[in-house]
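Here's a quick briefing to read alongside the model. Take a look at the fold first, then work through the notes below.

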Amino acid sequence: MSTTGATADPLAALGALPGVSESVESVRKAVDRVYGHRIMRRRSNEITSEAALRGARGSAALSGADWVLEEVRRRTDFSGDEEARVVGAALRLTAEAGQLLSIWRQSPLRVLARLHLVAAADKADQVGRPRQEGEPVDEPLVELPLPDAAEAHGRLEGLAELVMAGGSAPALVTAAVVHGELLALRPFTSHNGLVARAAERIVLINSGLDPKSVCPAEVGHAELGRAAYLAALDGYVSGTPEGMAAWIAHCGKAVGLGARESTAVCEALQRGAA
């Protein structure tokens with residue numbers, strides 16, 4: 001991660017980049033619309049459950065398993081082909097994220113290791129820990145240059161320190177940096193995209209921006225498309241102010257689209273109750 005200058009709070013510095021405050025405000029308004037919906041007062045658990053399902057579907061789509069929602073809803077066995085395993089991993093991560101909220105600010109590295117363990121769903125030696133020098137990374141849809149293991153470890157430690165330090169940065173900025181840094185580093189031997197998006201979800205919930213987890217950014221990332229996702233990620237990796245701001249704005253659009261999705265679910269439930 002690169003910032004515009006030395007500062008005790010680099011995430012806050014990113015929040016001051018041109019255009020970022022507008023993205024933050026747009027996201028806040030979108031989230032407020034969902035939480036202000038009358039259905040949320042009576043049936044928020046249903047909205048949360050539906051958002052989790054749709055978020056998992058979106059995350060899996062970005063990792064190459066672009067299933068229709070009803071197939072994800074219908075399927076009970078995800079042990080078949082590679083796409084099925086990806087969808088199963090996304091669903092497990094979405095469920096697990098809610099169990100790790102209290103640990104995140106105290107031990108983000110522990111949470112990330114747990115997320116990888118849950119996604120991989122096996123007991124191989126390389127599961128549940130950052131990769132070591134010489135271990136290959138299976139992340140075919142992210143074709144950026146791969147940092148070596150030593151650099152990945154160092155930057156992962158730095159990211160954890162930023163998370164634990166807190167600070168005044170908006171939740172969107174922190175979530176975007178956590179997401180972007182994990183994709184750039186690919187610190188695990190597999191499932192880095194799924195883990196990165198689950199970590200973004202944890203930040204958005206834990207920050208208080210989306211405490212009921214009804215604004216699934218994964219839905220928005222999938223709707224914006226893989227090409228736009230990877231192009232925005234290139235901006236993050238560039239480390240330039242413009243590139244960083246573009247990545248944060250992209251993540252903001254994704255959260256806004258996730259909020260719109262859940263607003264539509266609320267509207268559908270309201271029509272059914274009328």
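Accessible areas here come from the Shrake-Rupley method with a 1.4 Å probe, and for residues only the protein chains shown count as cover. On that basis the chain exposes about 12000 Å², with carbon and sulfur atoms supplying 52% of it. Keep in mind that this is a predicted model: local features need pLDDT of at least 70, side-chain atom pairs count only at pLDDT 80 or more, and totals for chains, interfaces and linings use all residues. Residues are numbered from 1 along each chain as its sequence is written, and side-chain values use heavy atoms, with hydrogens and water left out.

**Overall build**
- The chain has 13 helices and zero strands, where helices (H or I, at least four residues) and strands (E, at least two) are DSSP runs numbered from the N terminus.
- The radius of gyration, taken over C-alpha atoms, is 18 Å, which agrees with the value near 19 Å for a compact globule of 274 residues; the globule rule is 2.2 Å times the number of residues to the power 0.38.
- Along the principal axes, the C-alpha atoms fill a box of roughly 60 × 45 × 35 Å.
- Of the 274 residues, 51% count as buried, meaning under 20% relative accessible area with a 1.4 Å probe, protein chains only (exposed is over 50%, partly exposed in between).
- Take the contacts (heavy atoms within 4.5 Å) between residues at least 6 apart in sequence: 70% of them join residues at least 24 apart.

**Aromatic pairs**
- A search of the whole structure turns up three aromatic pairs; rings of Phe, Tyr and Trp (its six-membered ring) pair if their centres lie within 6.5 Å, and planes under 30 degrees apart count as stacked, over 60 as edge-to-face and the rest as tilted.
- Tyr229 and Trp247 make a tilted pair, 6.0 Å centre to centre with 50° between the planes.
- That pair links distant parts of the chain, with Tyr229 in helix 12 (residues 226-238) and Trp247 in helix 13 (residues 241-273), 18 residues apart.
- Both Tyr229 and Trp247 are buried, and ring pairs link them with Tyr236 into a cluster.

**Helix 11 and what follows**
- In helix 11 (residues 217-224), the buried residues are Ala217, Glu218, Val219, Gly220 and His221.
- Gly225 follows helix 11 and has a positive phi, near 100°.

**Around Ala160**
- Ala160 sits in helix 8 (residues 149-165) and counts as buried because its relative accessibility is 4%.
- Leaving aside residues up to four places away in sequence, Ala160 touches Pro108 and Leu109.
- The C-alpha atoms of Ala160 and Arg105 are separated by 8.6 Å, with their positions 55 residues apart along the chain.
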